[in-house]
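User: I am new to reading protein models. Can we go through this one, with reasons for each term?

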Amino acid sequence: MIKTQMRQLFSSRLALGLIFSLPLAGFCLYVVFLQPRFLLSFSASLVFLLGIFVYQHFRLVWLRAEAELKRQDFQEKANLLEAQIERQWVALKSARKKLVDYFELKTIAEKLNQSFSLSDTSNVLSNEVSKLFGHKDLTVILYIFHSKTGELGISASHKGQMEVNIKAKKGDVYDQWVAKNLQPLLIEDTVRDFRFDAEKIKVEDDRTISSLMSVPMMIGGKAIGILRIDSPVENYFQTEHIRLLSTIGDLGAVAIENAQLYEKIEELSIRDSLTELYLRRHFLQRLTYEINREIRQKKELSFVLVDLDYFKKYNDQFGHMAGDIVLKTISMLLAEVFNIPGSLVCRYGGEEFAVFLPDCSKERAAQLSEEFRERVAEQAFYLKRQETRMTVSVGVASLPQDGILREQLIEKADRALYKAKQGGRNRVCVS
């Protein structure tokens, strides 16, 4: 069937070719034999047309080559424009990211400026960093160097928006590395990092730590603390993250130093510079609070007044420096003897001291007072190569037996103290 169709198609084309070829062949024979002049003219015309055709052909080739060069030039310009647009887009994204980071840093700085205590500052810093990096499994830890020992200690820690308990209270090997080198630390994979033993760290802390970054918090070459974030996910942190954390660490260092200075100033305002005991104003504020609390809970509270016997005479004989030594020694003995939970010792006046003892009966307060009196009487003071002694008189009052108001307690204790002095001093009297 197919072969038959093919034969028919070939026959039809052959016939069509013969139909057109025969007249053309006849025309050529006619021209060659009967019209030779026409043949010359026709040949000349063909040569002319051929010349025009060749010219147009080469011109077309040249135009095509020129067009290709222009196309390539336009393509190169388009590629350059595309690369420029890509760079500008990357720069725009980076600018947007920096703008977002700027506002985040501005928010953190404003919140830190509103925090005055060290605990508030630490919690704000830890919490804001946790929100900034925004992953529920990230753990943010803030360590602060102890001002005297120089050891690391956890000041705040958050996982997500919740506070979390960290076993390594003084930091692990990563924190110790940052503390030693005072350089930022970025670890993309704790297992593959050759500087640290990941298996040993797993034993120290049961948290999964696969990547982390940590920065020292510095002010003028002085290390304030360490700010650290770790994640259970590998390769979670990048270089841009640690740059941002370093900036936050600088802000946090200033805020922490300010908080520490504020607490020192506040401490100086409520503590006596010589004895380091609380001053009377702070003591009375705390006493009012404790009295109200004890009344609500229907418990006892004892109040003790202490006065140094013949202290003015001692000062006149040995000088004020000797008197200062006595006052400091007495304050240390007070802190040692009356060291029960919730108690507070203060320098009440020049040579007077006061103590309140929450949840303490009058009998127990009298026993402690007697122990303190004996300790003072046994204490030897060596001044100007001379051994001297000092005695104290003590008055004790208690709530609710002697009153339920602060003024009532103070008045009863003062009367008991006066009774002790009138009775010959170096004794304890109870109201």
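**Reasons behind the labels**

Analyst: Start with T139. Setting aside neighbours within four places in sequence, T139 is in contact with H158, K159, V164, I166, R207, R228, I229 and D230. T139 lies in strand β1, residues 139–145. Keep in mind that this is a predicted model.

User: What makes T139 buried or exposed?

Analyst: The relative accessible area of T139 is 2%. Buried means under 20%. Therefore T139 is buried.

User: How many residues of the whole chain are there, and what percentage is buried?

Analyst: The protein chain has 431 residues, and buried residues make up 36% of them. Its secondary structure comes to 11 helices and 14 strands.

User: Where is L308, and why is it called buried?

Analyst: L308 lies in strand β8. Its relative accessible area is 1%. The cut-off for buried is under 20%, so L308 counts as buried.

User: What is L308 in contact with, leaving aside neighbours within four places in sequence?

Analyst: Its contacts include V326, L327, I330, F353 and V392. Contact means heavy atoms within 4.5 Å. There is also a C-alpha distance to note: L308 and S393 are 85 residues apart along the chain, yet their C-alpha atoms are separated by 6.5 Å.

User: Which residues of the largest nonpolar core touch the most other members?

Analyst: They are V304, L308, L334, F338 and F372, out of 30 residues in that core. Elements giving two or more residues to this core include β8, α8 (311–318) and α10 (362–378). The largest share, seven residues, comes from α9. Apart from this core lies another, of 27 residues, with I108, L112, V140 and I224 among them.

User: How do you know that the length of helix α3 agrees with what is expected?

Analyst: Helix α3 covers residues 118–133, which is 16 residues. At 1.5 Å a residue, it should span 22 Å. The rule takes one less than the number of residues. The end C-alpha atoms are 23 Å apart, so the two values agree. Among the buried residues of α3 are L118, T121, L125, V129 and F133. After α3 comes G134, whose phi is positive, near 55°.

User: Why is K298 worth pointing out, and is it buried or exposed?

Analyst: Most residues other than glycine have a negative phi. K298 is not a glycine, but its phi is positive, about 55°. It sits in the loop between α7 (280–297) and β8. Exposed means over 50%. K298 has 79% relative accessibility, so K298 counts as exposed.

User: What makes Y310 exposed?

Analyst: Its relative accessibility is 53%, and the cut-off is over 50%, so Y310 counts as exposed. Y310 also has a positive phi of about 55° although it is not a glycine. The loop between β8 and α8 holds Y310.

User: Where is the cis peptide bond?

Analyst: It joins L399 and P400, with omega about 10°. P400 is in the loop between β13 and α11 (406–422).

User: What is the volume of the largest pocket, and which residues are closest to its centre?

Analyst: The volume is about 460 Å³. Of the 15 lining residues, F145, H146, S147, Q260 and K264 are closest to the centre. Helix α6 gives the most to the lining, with five residues. The lining divides into six nonpolar, five polar and four charged residues.

Definitions and conventions
Residues numbered from 1 in each chain as written. Predicted model: local features only at pLDDT ≥ 70, side-chain atom pairs only at ≥ 80, totals over all residues. Heavy atoms only, no water. Helix = DSSP H or I, 4+ residues; strand = E, 2+ residues; numbered from the N terminus. Buried < 20%, exposed > 50% of the residue type's maximum accessible area, 1.4 Å probe, protein only. 1 Å grid on protein atoms, 1.4 Å probe; cavity = no way out; pocket = protein on both sides within 12 Å on 5 of 7 lines; lining within 4 Å. Points joined across faces, edges and corners; volume = space filled by probe spheres on them. Nonpolar A, V, L, I, M, F, W, Y, C, P; charged D, E, K, R; others polar. Core = buried A, V, L, I, M, F, W, Y, C linked by side-chain atoms within 4.5 Å.
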